[in-house]
Amino acid sequence: MTVTAPDLKAFLLATPFFGGLPDTSLELLMSMLVERRFDAGATVVAEGEPGRSMFIVKSGRLAVSKRTNSGSVIPISVLERGDFFGEMTLIEMQNRSATVVAEAPTVLYELTAQKLYACYKADIHAYVIVLQNINRELCRRLRRADDRFAALSVDDGNNGA
């Protein structure tokens, strides 16, 4: 189902992915989004599978997890309204790095690599803003991961003393 909701523009501008886009660029990208619906318990993407699209969370709640070498599953994060995921496959063209499962009925907007490339061809300025927004969010995530790693290291150091 192609996205045409009148309140979509305000929602998208409030997300980190679409921030800073002028109206014409936003409308171009809006025309490229496809709405996807998932029931609670549905796997949206699975770690290791090929991926050629990313998603913006319109509603619902999703759990992100990763499998360890020993086969156990560890939770990574929770995604809610306004968050996005799957962007790594668009940048590095690798398989999915984690599994994302809907914890509640969920509505997502999907943007494929093919559509993002069409954005590049049609509006290079919008494309650059989108990539900058993705990079900014990846940096935030890296900082949070660094903080969690540092906190674990401090905890481990204190327990051994």
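In the predicted model, the chain exposes about 9200 Å², of which carbon and sulfur atoms supply 55%. Buried residues account for 36% of the 161 residues in the chain, and the C-alpha trace spans about 60 × 30 × 30 Å along its principal axes.

The secondary structure of the chain consists of five helices and eight strands, which follow one another from the N terminus in the order α-α-β-β-β-β-β-β-α-β-β-α-α. Among the contacts in the chain with a separation of 6 or more, 74% are made by residues 24 or more positions apart.

With regard to charge, the chain carries 18 positive and 19 negative charges, and the mean positions of these two sets lie 3 Å apart. A search of the whole structure returns 11 salt bridges. One of these joins the side chains of Glu 27 and Lys 9, with an N to O distance of 2.8 Å. Because Glu 27 belongs to helix H2 (residues 23–32) and Lys 9 to helix H1 (residues 8–13), this pair ties together parts that are 18 residues apart in sequence. Both partners have some access to the surface, Glu 27 being partly exposed at 43% relative accessibility and Lys 9 partly exposed at 23%.

A further salt bridge is formed between the side chains of Arg 37 and Glu 35, at 3.1 Å from N to O. Here the two partners fall into separate classes of accessibility: Arg 37 is exposed, with a relative accessible area of 59%, whereas Glu 35 is buried, at 14% relative accessibility.

The salt bridge between Glu 137 and Arg 144 has its closest N and O atoms 3.8 Å apart, and this separation lies inside the limit of 4 Å that defines such a pair. Glu 137 counts as buried, at 10% relative accessibility, while Arg 144, at 44%, is partly exposed. These two residues also take part in a network of salt bridges in which Glu 87, Glu 137, Arg 140, Arg 141 and Arg 144 are linked.

Turning to the cysteines, a search of the whole structure finds zero disulfides, a disulfide being a covalent bond between the sulfur atoms of two cysteines. Cys 119 is buried, its relative accessibility being 0%, whereas Cys 139 is partly exposed, at 48% relative accessibility.

Methods: Residues numbered from 1 in each chain as written. Predicted model: local features only at pLDDT ≥ 70, side-chain atom pairs only at ≥ 80, totals over all residues. Heavy atoms only, no water. Disulfide = S-S within 2.5 Å. Buried < 20%, exposed > 50% of the residue type's maximum accessible area, 1.4 Å probe, protein only. Helix = DSSP H or I, 4+ residues; strand = E, 2+ residues; numbered from the N terminus. Contact = heavy atoms within 4.5 Å. Areas by Shrake-Rupley, 256 points an atom, 1.4 Å probe, with all protein chains shown as cover. Lys, Arg positive; Asp, Glu negative; His and termini not counted. Charge placed at Lys NZ, Arg CZ, Asp CG, Glu CD.
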